[in-house]
There are 2 protein chains.
Amino acid sequence: MTARRGGGPTMHDVGKLAQVSAMTVSRVLKNDPGVSEATRERVFAAVDRLGYRRNQTARSLRLGGSGMIGLVVTNLANPFYSRLALGVQEVATEYGFRMLLSNSAEQAEREPDLIDDLIDHSVEGLIVVPTGSRQQHLADAMRHVPVVLAARPPAGLDTDCVLVEDFHGAREATAGLLAEGHTRIAFLGNPPALYTGAERLRGFWAAHEEAGIEPVHDLIRQGLVDAGTAERATRELLERDAQPTALFCTNNRISQGAIRALYKAETTLPVAGFDDFDLSDVLGIPLTVVSYDADEIGRQAARLLIDRVAQRDAEPPASRRVTVPTRVIRYGA
Amino acid sequence: MTARRGGGPTMHDVGKLAQVSAMTVSRVLKNDPGVSEATRERVFAAVDRLGYRRNQTARSLRLGGSGMIGLVVTNLANPFYSRLALGVQEVATEYGFRMLLSNSAEQAEREPDLIDDLIDHSVEGLIVVPTGSRQQHLADAMRHVPVVLAARPPAGLDTDCVLVEDFHGAREATAGLLAEGHTRIAFLGNPPALYTGAERLRGFWAAHEEAGIEPVHDLIRQGLVDAGTAERATRELLERDAQPTALFCTNNRISQGAIRALYKAETTLPVAGFDDFDLSDVLGIPLTVVSYDADEIGRQAARLLIDRVAQRDAEPPASRRVTVPTRVIRYGA
DNA sequence: CTGTTAGCGCCTTCAT
DNA sequence: ATGAAGGCGCTAACAG
């Protein structure tokens with residue numbers, strides 16, 4: 001009962017049963033070569049018989065590392081983040097780390113607390129998708145453990161990050177709409193203070209310049225934060241005299257809001273948007289998505305982080321920036 | 001640099017600066033009443049100045065509990081599980097616990113290892129969505145820590161679980177189709193060995209009986225595991241001479257596969273399915289979903305678990321079963 | 001090849 | 001109101 005609470009067997013117990021010292025048990029469990037085959041077997045037998053398991057908490061204390069890395073995301077319910085988490089966990093497991101997950105629930109002000117909390121639990125490194133534009137708390141965190149950023153670059157911080165080809169993807173998708181002859185494309189964007197928001201707008205803009213077409217300023221909406229705000233913004237655009245002939249959305253939730261507005265208005269307009277999503281292929285509307293492998297962002301971030309954790313005692317490497325490629329996919333009519 | 005690695009300040013350091021013993025620092029940080037206001041302030045000042053943070057690993061070792069609970073799910077990429085995780089985390093945070101997340105990536109055989117791993121890391125309790133039908137490893141786990149099951153009931157285990165109204169939801173949705181006059185409804189189900197698969201079939205069946213209509217055996221498909229298998233099964237049904245006139249799907253991925261098959265076949269058939277999903281409201285097909293609050297499953301499971309953790313030293317409570325209600329929603333034509 | 005010593009950082013117990 | 005001693009379970013460093 002309540003085994004791990006003072007109950008469970010210790011190395012000492014195992015040693016007693018196997019007639020060796022706790023130290024030898026430790027060596028056996030660590031695969032230390034300097035142990036005779038005979039004792040080795042006796043120890044394993046004792047371990048089995050007692051159902052002994054090494055206490056990782058004690059190990060962490062002794063060794064100074066917990067074998068855990070922390071991941072901080074804003075919203076696990078968004079498939080982008082859950083896939084990212086899967087990627088992180090895949091690589092973490094591969095290298096013998098566990099993942100401690102924290103969700104800031106879109107509240108930027110909670111992020112510093114969550115990070116402190118993870119550090120208190122002796123995570124050996126952190127992967128963070130920064131919520132706001134201030135990153136002072138990340139600088140603080142870096143005094144304790146390595147930090148790698150995902151999806152957004154460091155601002156005044158010297159560390160690694162993994163980014164998506166935001167600019168390139170937005171430019172390519174926009175160029176597709178322009179090539180079809182659209183000259184009045186609405187831009188439905190997340191807050192411009194976010195790196196992704198700014199970059200994707202830049203790509204939208206660049207595609208226009210390259211096509212020699214002036215973007216229509218009146219059709220640019222920024223600061224959309226979820227499907228609801230995107231739906232309202234879209235509806236508002238559709239009610240104007242000078243309507244757009246196509247829409248560009250900067251993320252999956254915005255695309256979904258826009259599509260919902262079109263559906264309710266019983267209108268069809270070509271839509272292009274960042275992030276692929278479930279059923280994008282069966283909507284039956286002209287839809288272009290900028291797709292990329294969110295798992296891969298997590299995997300790469302975990303690799304960069306674990307590398308830094310492993311090099312902990314060496315000179316920290318120069319900060320690296322990895323980019324995950326995007327691919328434009330066209331669905332529908 | 002690398003603070004928490006032998007670097008960071010300890011209680012001793014704080015004590016030295018505040019001119020008290022480490023013990024007094026411990027008392028202050030614990031809000032122990034027996035400390036004078038003067039020293040209290042000096043200690044806090046020292047804490048601030050050094051940026052001291054209590055080492056949770058050492059605490060865990062000393063206190064015998066890690067303040068963490070483990071959650072084991074099969075597939076974080078499925079919104080059902082990510083929402084469940086959010087619910088767990090919400091309640092865990094509320095009670096001062098952290099959540100350690102493990103993903104078995106649909107590989108039932110990995111589940112025991114993941115669970116052992118979590119127990120080795122001194123989680124104080126576990127929430128598990130059991131993958132397979134064997135639960136022996138859960139019985140083993142229960143010898144160490146309390147375990148609460150989510151979405152599936154215990155099989156030969158004496159513990160709490162949180163379930164969805166599987167039977168009721170399936171019956172109600174099926175009854176809706178029958179009321180519309182359908183007599184040839186296909187059943188597209190996940191493996192019958194899973195509790196949800198069996199219950200939802202039972203509901204499907206019960207609705208038929210109540211309507212005095214014989215289910216068409218030829219139209220029952222079970223063992224579908226993802227959108228791909230569901231799509232193939234649906235296509236196969238559509239190619240038969242005796243086609244169904246409506247479809248019932250037992251989960252979100254199966255619904256999506258079925259919808260994809262219908263789309264590609266350029267056919268429309270009324271679809272009813274368990275689990276709501278993004279954009280279900282804009283597909284423009286007659287769609288009924290059995291919706292429920294997946295977050296709530298996580299919240300309830302976390303409450304049951306934390307209750308057991310808190311009562312650890314008392315007689316364990318009789319096993320409880322909580323049910324989360326379903327709601328049938330109709331979309332589309 | 002194996003054992004002893006010491007201590008990671010904290011907190012419970014007992015003393016002052 | 002505060003401190004000293006001891007130990008949670010484990011392992012690095014040093015014997016032998």
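The questions below go through the terms used for this predicted model and its DNA strands.

The model is predicted, with local features needing pLDDT of at least 70, side-chain atom pairs counting only at pLDDT 80 or more, and totals for chains, interfaces and linings using all residues. Residues are numbered from 1 along each chain as its sequence is written, chains are lettered from A and ligands numbered from 1 in the order in which they are written, and side-chain values use heavy atoms, without hydrogens and water.

Me: How do you know where the domains of chain A begin and end?
Reply: The bounds come from an automatic or database domain assignment. In chain A this gives domain 1 (11–54), domain 2 (65–164 + 294–325) and domain 3 (166–291). The C-alpha centres of domain 1 and domain 3 of chain A are 63 Å apart.

Me: What makes a residue count as near DNA strand C?
Reply: One of its heavy atoms must lie within 4 Å of the strand. For DNA strand C, 23 residues are listed, and Arg27(A), Met23(B), Tyr52(B), Arg59(B) and Arg62(B) come nearest. Sugar and phosphate make up 60% of the atoms of DNA strand C within 4 Å of the protein.

Me: Why is the pair between Arg27(A) and a base oxygen of DNA strand C called a polar contact?
Reply: A polar contact is a pair of N or O atoms within 3.5 Å; within protein, one must be able to donate a hydrogen and the other to accept it, and residues adjacent in sequence count only if both atoms are side-chain atoms. The base oxygen is 2.3 Å from an N or O atom in the side chain of Arg27(A), so the pair qualifies. Ser26(B) has a polar side-chain atom 2.9 Å from a phosphate oxygen of DNA strand C, so this pair qualifies too.

Me: What makes helix 5 of chain B a helix, and how many residues does it supply near DNA strand C?
Reply: Helices (H or I, at least four residues) and strands (E, at least two) are DSSP runs, numbered from the N terminus. Helix 5 of chain B, residues 56–63, fits that rule. Its four residues are the largest share of the surface near DNA strand C.

Me: How are the residues near DNA strand D divided into nonpolar, polar and charged?
Reply: Ala, Val, Leu, Ile, Met, Phe, Trp, Tyr, Cys and Pro count as nonpolar, Asp, Glu, Lys and Arg as charged, and the others, Gly among them, as polar. On that basis the surface near DNA strand D has nine nonpolar, eight polar and seven charged residues.
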